[in-house]
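Me: Before we rely on any of the labels used for this model, I would like to see the reasoning behind them.

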Amino acid sequence: MHDVGKAGAGFYSKALPATERVAWLHRCGADLAQCGHTKVVAPLLRYESRYTEHRAALGIEAWRGWGGSDPAAQDAALNMWLAAVSHHGEPISTDSLRDTTGEFRTWTQPISGYDPLHGLLRLGEVAHKLWPDAFGTGSATMPHGEGLIHAFAGLVSLADWIGSNTAAEFFPYDLGPQDERRWPIAWTRAQQALRDMRIDVEAARSDLRARSPRFEQVFAFAPTPMQEQAADLQLSSPVVLEAETGSGKTEAAFWRFKALFEAGHVDALCFLLPTRVAATGIYSR
């Protein structure tokens, strides 16, 4: 549902010749704001009779039911949906949607044989087939908390960034059928993409555990006592290491990361340095 706004006629017009797009805008009395795909979702959340069919096509009322009878939980369910349709990690606010007035022709005015209501019906049909539990009834209610909303919005932004990569090894448009049959293909491809990008690091961790290289194999010299001790998993966290320049603190940090990563305690290593020159030097090393 992240890109549900793209089912609108306005966004659809972007694939048409400019003359057809301009003619549609003039015929509808619409502006370019109707051609976006974020805030055009506003009418899908408003209880206006002219959009009843559009809401029903997606099953939006079932999503509101995730909140049960608790008003706070109902708001949380709505906010999760807003986070799902948001872009670039910033949740669309309910207030900003309320401030959006007027009719959205992108949902009510067909263009060049395309009816946006039919687009929503097709999307809703596929969603019902793939995730029937989302439209059923259950006893569980949506958890509360702004932290959850923002974390989910960030996850959606990351997934959108990865999924928008049309390279052959990622998600080309012709990856598979344009219906529910595409889902298992995309699911398998997503798992591989996460491994290739090292977002899923378990394969790398398993490889490291299998090889378990010694310090000398990695750095081509014997470790100092400081470097050996840095890898001690019994050390409490955080560990502060202070020593003179050239004493091998960088190697010690790498070796500690190796030990923690191999043990499954951490997934990544980050160096924070005070100057660009220092950062460039460490990166090169």
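The exchange below takes several labels in turn and sets each against its cut-off, bearing in mind that the model is predicted.

Me: How many aromatic pairs does the ring rule give?
Reply: The count by this rule comes to ten aromatic pairs.

Me: Why is the pair of phenylalanine 257 and phenylalanine 261 called tilted?
Reply: The ring centres of phenylalanine 257 and phenylalanine 261 are 5.4 Å apart, which satisfies the limit of within 6.5 Å; their planes stand at 35°, neither under 30 degrees, as stacked would require, nor over 60, as edge-to-face would require, and therefore the pair is tilted. Both residues belong to helix 15 (residues 249-263), where they are four residues apart, about one turn of the helix.

Me: What makes phenylalanine 261 count as buried?
Reply: Its relative accessibility is 8%, and because buried means under 20%, phenylalanine 261 counts as buried.

Me: How do you know that the charged end of arginine 205 sits over the ring of phenylalanine 261?
Reply: The charged end of arginine 205 is 4.6 Å from the ring centre, which agrees with the distance limit of within 6 Å; the label also requires a position within 35 degrees of the ring normal, and the charged end is indeed assigned as sitting over the ring.

Me: Why is leucine 155 called exposed?
Reply: Leucine 155, which is found in helix 10, has 52% relative accessibility, and because exposed means over 50%, leucine 155 counts as exposed. Together with Leu158, Trp161, Leu194 and Ile199, Leu155 makes a nonpolar surface patch of about 470 Å².

Note on methods:
Residues numbered from 1 in each chain as written. Predicted model: local features only at pLDDT ≥ 70, side-chain atom pairs only at ≥ 80, totals over all residues. Heavy atoms only, no water. Phe/Tyr/Trp six-rings, centres within 6.5 Å; stacked < 30°, edge-to-face > 60°. Helix = DSSP H or I, 4+ residues; strand = E, 2+ residues; numbered from the N terminus. Buried < 20%, exposed > 50% of the residue type's maximum accessible area, 1.4 Å probe, protein only. Patch = residues over 30% accessible without salt bridge, like charges linked within 9 Å, V, L, I, M, F, W, Y side chains within 5 Å. Areas by Shrake-Rupley, 256 points an atom, 1.4 Å probe, with all protein chains shown as cover. Salt bridge = Lys/Arg side-chain N within 4 Å of Asp/Glu carboxyl O.
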